[in-house]
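Me: I am new to this structure and would like to learn my way around it. Please pick one part for a close look, and then lead me on from there to a few other places.

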Amino acid sequence: MKSSNINLSINALHAAYQAEELTPEQVVDIILERCRQFTGHNIWITLLGKEQIAPYLAGLKGQSPASLPLYGIPFAIKDNIDLADVPTTCACPAYGYLPKHHAFVVEQLLKAGAIPIGKTNMDQFATGLVGTRSPEPWGPCRNAFDKDYISGGSSAGSAVAVALGLVSFSLGTDTAGSGRVPAMNNNLIGLKPSKGLLSTRGVIPACRSLDCVSIFALNSDDADRVFEQAAVFDQDDDYARANTFANNGRHYGGANGHFRFAVPKASQLEFFGNQAAQTLFIKACDQLSRMGGEAVVIDFSPFLDAARLLYEGPWVTERYVAIEQLINQKPAALLPVINTIIDSGRDKLASDTFKSFYKLQHFKRQTDAILAEVDMLVTPTAGTIYTVDEVNADPIRLNSNLGYYTNYMNLLDYAAVAVPAGFMPSGLPFGITLVGTAWSDRRLLSFARQWQQALNLPMGKTEYHFVPESIVTSHTASTTVDVIVCGAHLKGFPLNWQLTERGGQLRASTHTAACYRLYVLPGEGVQRPGLFRDDQQGAAIAVEVWRLPVEQFGSFVANIPAPLGIGKVELLDGRWLSGFICEPHVQAEAREITQYAGWAGYQQHLNR
């Protein structure tokens with residue numbers, strides 16, 4: 001057998017396949033052997049045997065990494081997500097059933113060539129952030145770095161399997177932080193996608209209106225590649241949402257340059273007595289600044305207020321609805337702590353539900369305004385980590401502490417990527433989370449990519465470091481377009497409404513580079529200028545830069561009459577932005593007004 005010490009990152013594994021150093025069959029043999037070394041971590045609820053994996057290996061015959069993007073890539077599946085003909089238990093033996101079909105998201109990964117290795121341990125019914133709430137015969141999942149410590153949950157085994165090099169990636173779920181806290185505790189990338197991008201059909205719900213399928217990976221390139229295959233719109237999932245162009249795979253990996261990141265004010269940061277975690281978070285913010293970031297201190301209270309609604313509000317009733325029959329007929333089948341939490345949703349009032357909806361909308365208006373001014377919010381993924389014994393002694397309060405920075409996310413409809421951020425003196429990992437609005441997944445993953453390259457930490461609990469793929473065709477994703485205007489669309493002029501009524505915002509009053517000439521165009525109606533580039537006799541022309549929502553840009557451009565159009569205009573500071581230009585054939589019959597240095601200067605001349 002080949003050495004068991006193999007790099008399971010997707011790029012490295014595909015390179016080994018192409019060089020004929022390994023085959024998928026050999027990789028599976030190595031993994032199954034390695035799994036025997038880590039039985040004390042309680043990773044698996046069902047570990048597949050070689051005979052169960054054989055059909056998936058057979059499906060790879062005649063294929064290669066060139067034909068299948070996840071060819072021969074081993075992965076794990078949280079045990080609330082269906083894999084056909086393998087029991088789904090949600091870590092509750094009395095609940096178990098044998099699904100006939102794969103969950104939709106699993107089906108997409110199998111089509112792409114991925115190989116399932118098993119179903120992973122979890123907090124029962126995905127209720128918890130600790131990983132300890134799993135009964136016998138499985139027991140609490142143990143941290144990849146120190147078995148005395150929690151793995152994090154509820155997607156416990158999914159994270160530990162990746163960290164220990166047993167699979168290349170895994171699927172979890174994330175309602176309150178279950179795709180992020182285990183990522184921090186095990187030194188991984190944890191992608192919590194925008195709601196609805198990954199289908200939840202074939203996934204046992206915790207809170208059906210909030211649940212997301214999440215991805216654990218060794219690095220951001222792997223997370224992006226898996227995300228690309230998994231984020232297929234599912235017409236039969238009532239909560240599915242189609243991805244946007246600005247969030248597709250072409251927008252991964254672009255250079256970010258200067259960026260603004262929000263951080264909670266110091267009095268709102270909680271580390272629950274963990275000084276080492278606090279020190280690492282300060283260092284992380286300093287590192288972001290060195291990478292071109294500008295820190296913006298914010299009031300974190302609306303995020304925290306929204307977070308409290310998840311368990312104090314009516315959403316706990318969704319957890320009750322998900323297992324209503326079981327909890328009513330066989331309450332003893334649940335762990336006592338799970339029964340206590342979920343049963344509290346039994347008697348919520350409809351009136352309280354609507355009151356919570358109103359509160360949530362109020363908080364979201366505030367948090368959306370904060371995120372509109374920055375590229376992302378940065379917080380610790382969790383303020384600390386606990387031992388298994390500590391959590392068992394105080395299960396609800398300590399679990400709540402772990403959700404301090406996570407519980408608001410899906411209520412507010414945001415996307416997030418948890419990234420490693422160093423190690424505490426104990427040897428345990430610490431991590432931060434990058435937060436953005438819905439559909440910012442690719443932008444956040446791109447930041448994560450830069451971050452991983454800057455820190456150059458080992459991946460998971462392996463000896464390997466991130467070697468990024470070469471990306472040639474990446475584009476910078478944006479939800480807005482900056483437009484240079486030079487005439488009737490300027491602030492205070494007759495056509496400015498075409499910008500303001502589309503949500504346009506004035507970003508700057510500035511000048512073009514000193515290589516343009518301005519003319520008054522002939523014609524009826526509102527007078528308009530034409531801007532022509534002339535590198536020999538040009539001058540700097542006064543202009544304004546307006547920012548439009550990208551979805552409004554097309555209708556704005558469609559209303560521009562000939563001979564005007566939109567092209568690239570150079571500003572005095574060297575930037576090239578979209579702006580008004582003019583067809584050269586009308587220059588001969590137009591009247592030059594370059595000497596007035598802009599449209600406003602010309603209008604002032606006329607009014608003298």
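What follows is a close look at one helix, and then a walk to a loop and some charged pairs.

Reply: Happy to. This is a predicted model, in which local features need pLDDT of at least 70 and side-chain atom pairs count only at pLDDT 80 or more, while totals for chains, interfaces and linings use all residues. Residues are numbered from 1 along each chain as its sequence is written, and side-chain values use heavy atoms, leaving out hydrogens and water.

Let us start with helix α5, which spans residues 156-163 (helices, at least four residues of H or I, and strands, at least two of E, are DSSP runs numbered from the N terminus). This helix is mostly covered, with 8 of its 8 residues buried (under 20% relative accessible area; exposed is over 50%, partly exposed in between; 1.4 Å probe, protein chains only). Going along the helix, the buried residues are A156, G157, S158, A159, V160, A161, V162 and A163.

What do these buried residues pack against? Several strands take part: β1 (44-47), β2 (74-78), β3 (115-120), β4 (169-174) and β6 (212-217). A helix, α6 (181-185), is also among the partners of α5 (contact means heavy atoms within 4.5 Å). If you follow the chain just past α5, you meet G165, whose phi is positive, at about 75°.

For a contrast in setting, move to K265. This lysine sits in the loop that runs between β7 (259-264) and α8 (275-290). K265 has a relative accessible area of 35%, so this residue counts as partly exposed. Leaving aside residues up to four places away in sequence, K265 touches V297, I298 and D299. To get a feel for distance, try K265 and Q527: they are 262 residues apart in sequence and 50 Å apart in space, C-alpha to C-alpha.

Now for the charged pairs. The count comes to 24 salt bridges (a side-chain nitrogen of Lys or Arg within 4 Å of a carboxyl oxygen of Asp or Glu). One of them joins R346 to D343, with 2.5 Å between the closest N and O atoms. R346 has 34% relative accessibility and so counts as partly exposed. D343, at 28% relative accessibility, is partly exposed as well.

R533 is a good residue to pause at. One salt bridge links R533 to D535, where the closest N and O atoms are 3.1 Å apart. R533 is partly exposed at 38% relative accessibility, whereas D535 is exposed, with a relative accessible area of 53%.

The side chain of R533 also meets that of E570 in a salt bridge, at 3.1 Å from N to O. Why does this pair tie together separate parts of the chain? R533 belongs to strand β15 (residues 529-533) and E570 to strand β17 (residues 564-570), so the salt bridge connects parts that are 37 residues apart in sequence. E570 is buried, with a relative accessible area of 17%. Elsewhere, R201, D234 and D236 are joined into one network by salt bridges that share partners.

To retrace the walk: begin at α5 with its buried residues, step to K265 in its loop, and finish at R533 with its salt bridges to D535 and E570.
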